[in-house]
Amino acid sequence: MIYKVYYQMTKTQNPKRENTHSLYVEADNLPEARLAVESNTGYNVEHIEELSEAALSYEKQSLGERFKLTEF
């Protein structure tokens, strides 16, 4: 499954919508996706969303070449 992870670059600042970034990871389940991001980055994970086939297709279409899965 592909998950979209919303995060802040640092854990020391208060989350602000304007500073929210996202990345895409492949994992078997949501806890595994969270663990992968938290153990390999210093990011403050805000939210993780499982992408349906339709949502994944939309993300790929809207981002084009900028869409890439993050591998740790």
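**A walk through the fold, from one arginine outward**

Let's begin at Arg-34, which is partly exposed because its relative accessible area is 28%; that label covers the range between buried (under 20%) and exposed (over 50%), for a 1.4 Å probe and protein chains only. What you're looking at is a predicted model, where local features need pLDDT of at least 70 and side-chain atom pairs 80 or more, while totals for chains, interfaces and linings use all residues. Residues are numbered from 1 along each chain as its sequence is written, and side-chain values use heavy atoms, without hydrogens or water.

So what does Arg-34 pair up with in a salt bridge? Its side chain meets that of Glu-38, at 3.2 Å from N to O. A salt bridge here puts a side-chain nitrogen of Lys or Arg within 4 Å of a carboxyl oxygen of Asp or Glu. Both residues belong to helix α1, and because they sit four residues apart there, about one helical turn separates them. Helices (H or I, at least four residues) and strands (E, at least two) are DSSP runs, numbered from the N terminus. Glu-38, like its partner, isn't fully covered: its relative accessibility is 36%, so it counts as partly exposed.

How many salt bridges turn up when the whole structure is searched? The tally is two. Besides the pair in α1, there's one between Glu-59 and Lys-4, whose closest N and O atoms are 3.2 Å apart. This one reaches across the sequence: Glu-59 is in helix α2 and Lys-4 in strand β1, so the bridge ties together parts that are 55 residues apart. Are these two partners buried or exposed? Glu-59 has a relative accessibility of 12%, so it counts as buried, and Lys-4 is buried too, because its relative accessible area is 10%.

Now stay with Lys-4 for a moment, since its place in strand β1 makes it a handy way into the sheet. Look to one side and Lys-4 stands opposite Tyr-24 in β2; for β3, its bridge partner is Glu-49. Further along, Gln-8 has its own bridge partner in β3, namely Asn-44.

Zoom out from those single residues and you have an open sheet of three strands, ordered β2-β1-β3, with antiparallel pairing. Which strands form the edges? They are β2 and β3, each of which pairs on one side only. Strands pair if DSSP finds at least two bridges between them. Between β1 and β2, which run antiparallel, there are six bridges, and β1 and β3 are also joined by six, again in the antiparallel sense. As for β1 itself, six of its seven residues are buried, so this strand is largely enclosed by the rest of the structure.

Next up, the rings. The structure has two aromatic pairs. In one of them, the rings of Tyr-7 and Tyr-43 have centres 4.0 Å apart and planes at 15°, so they count as stacked. Where do these two tyrosines sit? Tyr-7 is part of strand β1 (residues 2-8), while Tyr-43 is found in the loop between α1 (30-40) and β3 (44-50), so the pair links distant parts of the chain, 36 residues apart. Tyr-7 counts as buried, because its relative accessibility is just 7%.

The second pair mentioned here is made by Tyr-24 and Phe-67, and it's tilted: 4.7 Å from centre to centre, with 50° between the planes. Tyr-24 lies in strand β2 (residues 21-26) and Phe-67 in the segment after α2 (53-63), so this pair ties together parts that are 43 residues apart in sequence. Both Tyr-24 and Phe-67 are buried. For these labels, rings of Phe, Tyr and Trp (its six-membered ring) pair with centres within 6.5 Å, and planes are stacked under 30 degrees, edge-to-face over 60 and tilted otherwise.

One last stop takes us to Glu-53, whose place is in helix α2. Is it buried or exposed? Its relative accessibility of 66% means that Glu-53 counts as exposed. Measure out the gap to Ile-2 and you'll find 51 residues in sequence, but 9.1 Å in space, from C-alpha to C-alpha. Compare that with Glu-59, which is also in α2 but buried, because its relative accessibility is 12%.
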